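I opened a fresh page for this one and wrote down what I looked up, in the order I looked. Here are my notes, for anyone who likes to follow along.

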Amino acid sequence: MVPTLTWPQWLPAIPAWLAIPPWTWPTLATVSLLALVGSALMLPRMLAGLPHDMFIGEPKRRKWTARRVLKNVGGAVLTAAGIAMLVLPGQGLLTMLAGLLLSDVPGKRRVELFLLRRGPVFRAVNAIRARRDQPPFLLPATGVPTAVN
C-alpha cells in the first residue's frame, strides 16, 4: 500500500530554492501589466518614427557612442520583455521586433525581415504606422509593400 501525503506532509519535501515566496504572483502580475501598458504606449511612436524604406539596401555602419550603447541596452530590455510577453499578457512579437530594431546584433536584419514577412505581424505594424499617417514598410524582395489582407 502506497502512503498518500496530505498538504502539510509533502510541503517540506520541496527544496527551499524551489519554494515560491508569497509576493511572487502579485509582482509578476504588476510587471506584466506595466510591460503591457509600456509597450502599448511606446510601440506606435517608435514604429511611426522609422523610415518606410529602412529595409531596402544595406544598413549603415556607425561608431559606438553613449547613445548607441543606451539604444542597445533598451533593445535588449524590449527583446527580453517581448519574449516574456509570449506567455504573459502583451504584444510579444511586436515588442521583440521593437527591441531588435533598437539593438545592433549580428543577423538582426534577417530576423527583422523574418518577423515582418509574417502576415499578421506585417499587417499589425503597418496598421500602427497608418494610424500615425505613415506609409507602410517596403520589403527588399520587390521594393513594394507586401499585400495587406
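**Notes on helix 6 and a few single residues**

Entry one. I began with the exposed side of helix 6, where I found Pro120 and Arg131. I should say early that this is a predicted model.

Entry two. Next came the dimensions of helix 6. I noted residues 119-131, 13 residues in total. From first C-alpha to last, helix 6 reaches 18 Å, close to the 18 Å expected at 1.5 Å a residue.

Entry three. Which residues of helix 6 are buried? My list has Val121, Phe122, Val125, Asn126, Ile128 and Arg129. Looking down the axis of helix 6, I saw that its buried residues fall within an arc of 150°, so they line one face of the helix. I jotted a reminder beside this: an α-helix has 3.6 residues a turn, so residues three or four places apart point the same way.

Entry four. What do the buried residues of helix 6 pack against? I wrote down three partners: helix 2 (24-49), helix 4 (92-102) and helix 5 (108-116).

Entry five. I picked Asn126 in helix 6 for a closer look. Asn126 counts as buried because its relative accessibility is 6%, and the cut-off for buried is under 20%. Setting aside residues up to four places away in sequence, Asn126 touches Pro136 and Phe137.

Entry six. I then stepped just past the end of helix 6. There Asp133 takes a positive phi of about 55°.

Entry seven. Over to helix 4, where I looked up Thr95. Is Thr95 buried or exposed? Thr95 is buried, with a relative accessible area of 1%. Leaving out neighbours within four places in sequence, I found Thr95 in contact with Ser39, Leu43, Leu78, Thr79, Ala81, Gly82 and Met85.

Entry eight. In helix 2 I checked Ala40. Ala40 is partly exposed, and its relative accessible area is 38%. I also took the C-alpha to C-alpha distance from Ala40 to Gln91, which is 7.8 Å, while the two are 51 residues apart in sequence.

Entry nine. My last stop was the surface. Which residues make the nonpolar patch of about 470 Å²? I noted Ile83, Leu86, Val87, Leu88 and Leu93. Of these names I traced Ile83 to helix 3, which covers residues 66-85.

Methods. Residues numbered from 1 in each chain as written. Predicted model: local features only at pLDDT ≥ 70, side-chain atom pairs only at ≥ 80, totals over all residues. Heavy atoms only, no water. Helix = DSSP H or I, 4+ residues; strand = E, 2+ residues; numbered from the N terminus. Expected span 1.5 Å × (residues − 1). Buried < 20%, exposed > 50% of the residue type's maximum accessible area, 1.4 Å probe, protein only. Arc of directions from axis to C-beta. Contact = heavy atoms within 4.5 Å. Patch = residues over 30% accessible without salt bridge, like charges linked within 9 Å, V, L, I, M, F, W, Y side chains within 5 Å. Areas by Shrake-Rupley, 256 points an atom, 1.4 Å probe, with all protein chains shown as cover. Salt bridge = Lys/Arg side-chain N within 4 Å of Asp/Glu carboxyl O.
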